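Got the viewer open? Load the model and follow along, one selection at a time.

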Amino acid sequence: MNVHINTLLCKGCAFCVKYCPKKILEMGTERNKKGHFFVITTDEEKCTSCAICAAMCPEAAIEITKEDSNG
Amino acid sequence: MAQKIYSRPKSLMPMPSGFCPGCLHPLATKLIADAIDELGQNNNAVHVLPVGCSALNLMYWRGDMLGAAHGRAPAAATGFKRSAPDRLVFAYQGDGDLAAIGLAEIMSAANRGENFTVFFANNSTYGMTGGQMAPTTLIGQKTSTTKYGRDAETTGFPMRMCEIISTLDAPYYVARFALNAPKGVNQAKKGIKKALQYQLEGKGFTFVELLTNCPTTWGMTPLQSLDYMETNTIPYFIPGVYKDKGEKA
Ligand SMILES: Cc1ncc(C[n+]2csc(CCOP(=O)(O)OP(=O)(O)O)c2C)c(N)n1
Ligand code: SF4
Ligand code: SF4
Ligand code: SF4
Ligand SMILES: [Mg+2]
């Protein structure tokens, strides 16, 4: 788990979906407390922790971590 | 152990911003907050708020703020910085605020070489009041006051503030970045940090224009607004570093 989406902050703009090079983000069908559809991950195994999604998120709703190679 | 790659910056409140979905104002704000974190200036920064949508940062920014009358942020910042020269002072202004009602203030502060930073969010419209034409509205751009698109015959041409300000002798750093794609966002982050760093070193006036959007009054989805910027905004407002006195040395 390296992509941490704060679903309460997400406004569903889909900028992260557009720019994720691995295409592992998509708009969900559920709404958050504010009424916005929020983004979900599809195949998180493929995430490289490049943080492009986080850089493009206007709401700073995404935080990124990276597992150390020695686990 | 998982290592942190990106975390929400400390100068943002832990709640959603007041901006519309897909608005780039909060992205610009976030980049400034990132730079302030990296420079360790959280407790020293002073955010001068203008009039316009970016004043929504009043409820979103965590740190000292100063509210200015419409267009007068550079004048307010001048007074604050002169009386508290150790504080990191920046104004964040929209294009209506900076290039229309506040044109005299920005030009005068830049010309005096005041030692603070101005972030200029250019979305080529008056977002807050419903999307009227601004001095930066593109030729052909439809707004609520240019129903058939802006016509240069009656309203002149869009004003390029980086180009204008960089003709003055005093400014130390003048640059423009587009926030519609990762490349521009990464460059903007570096430019913002550089401008603030120059201010900390007492170099003088620094100006960073950030090309943004207003999906709500442009009548577009957030994604459509990014494409509009690529095909219309960027070819007219060309991103780049217009002046950097620090690089010449
Ligand atoms: C003295 C004065 N004149 C006019 C207004 C109305 N007004 C509020 S915001 C605004 C324009 C803001 O446009 P811009 O600076 O581009 O900010 P944006 O909302 O697009 O980010 C105007 C004209 C005002 N608040 N005060
Ligand atoms: S960190 Fe990179 S690969 Fe992972 S979800 Fe974000 S954009 Fe996609
Ligand atoms: S970029 Fe941010 S606000 Fe937009 S959909 Fe992705 S997580 Fe949500
Ligand atoms: S009206 Fe436009 S500039 Fe204002 S918050 Fe909404 S999208 Fe952003
Ligand atoms: Mg504007």
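The tour starts where the two protein chains meet and then moves to the ligands.

Before you click, note that this is a predicted model: local features need pLDDT of at least 70, side-chain atom pairs count only at pLDDT 80 or more, and totals for chains, interfaces and linings use all residues. Residues are numbered from 1 along each chain as its sequence is written, chains are lettered from A and ligands numbered from 1 in the order in which they are written, and side-chain values use heavy atoms, with hydrogens and water left out.

**Stop 1: the interface.** Select the residues in contact (heavy atoms within 4.5 Å): you should get 28 residues from chain A and 33 residues from chain B. The two chains bury about 2400 Å² between them, 62% of it on carbon and sulfur atoms; that is accessible area (1.4 Å probe) lost on putting the two parts together, summed over both.

**Stop 2: polar links.** How many salt bridges are there between chain B and chain A? The count is one, with a Lys or Arg side-chain nitrogen within 4 Å of an Asp or Glu carboxyl oxygen as the rule. Show A:Lys18 and B:Asp227 to see that salt bridge, with the closest N and O atoms 3.6 Å apart. Across the interface there are also 13 residue pairs in polar contact, both at pLDDT 80 or more. A polar contact is a pair of N or O atoms within 3.5 Å; within protein, one must be able to donate a hydrogen and the other to accept it, and residues adjacent in sequence count only if both atoms are side-chain atoms.

**Stop 3: a shared strand pairing.** Now pick β4 of chain A (residues 62–67): this strand pairs with β1(B) in the antiparallel sense over four bridges. Strands here are DSSP runs (E, at least two residues), numbered from the N terminus, and pairing takes at least two DSSP bridges. Zoom in on A:Lys66, which stands opposite B:Gln3 in β1(B).

**Stop 4: ligand 1.** Of the 16 residues around ligand 1, B:His25, B:Asp95, B:Gly96, B:Asp97 and B:Gly127 come nearest; "around" means a heavy atom within 4 Å. Measure from the ligand's oxygen atoms: one is 2.6 Å from a side-chain N or O atom of B:Asp95, and one is 2.7 Å from a polar backbone atom of B:Gly96. A backbone N or O atom of B:Gly127 also lies 2.7 Å from an oxygen atom of ligand 1.

**Stop 5: ligand 4.** Finish here, with a shell that includes B:Cys20, B:Cys23, B:Cys53 and B:Cys214, along with B:His25 and B:Gly127.
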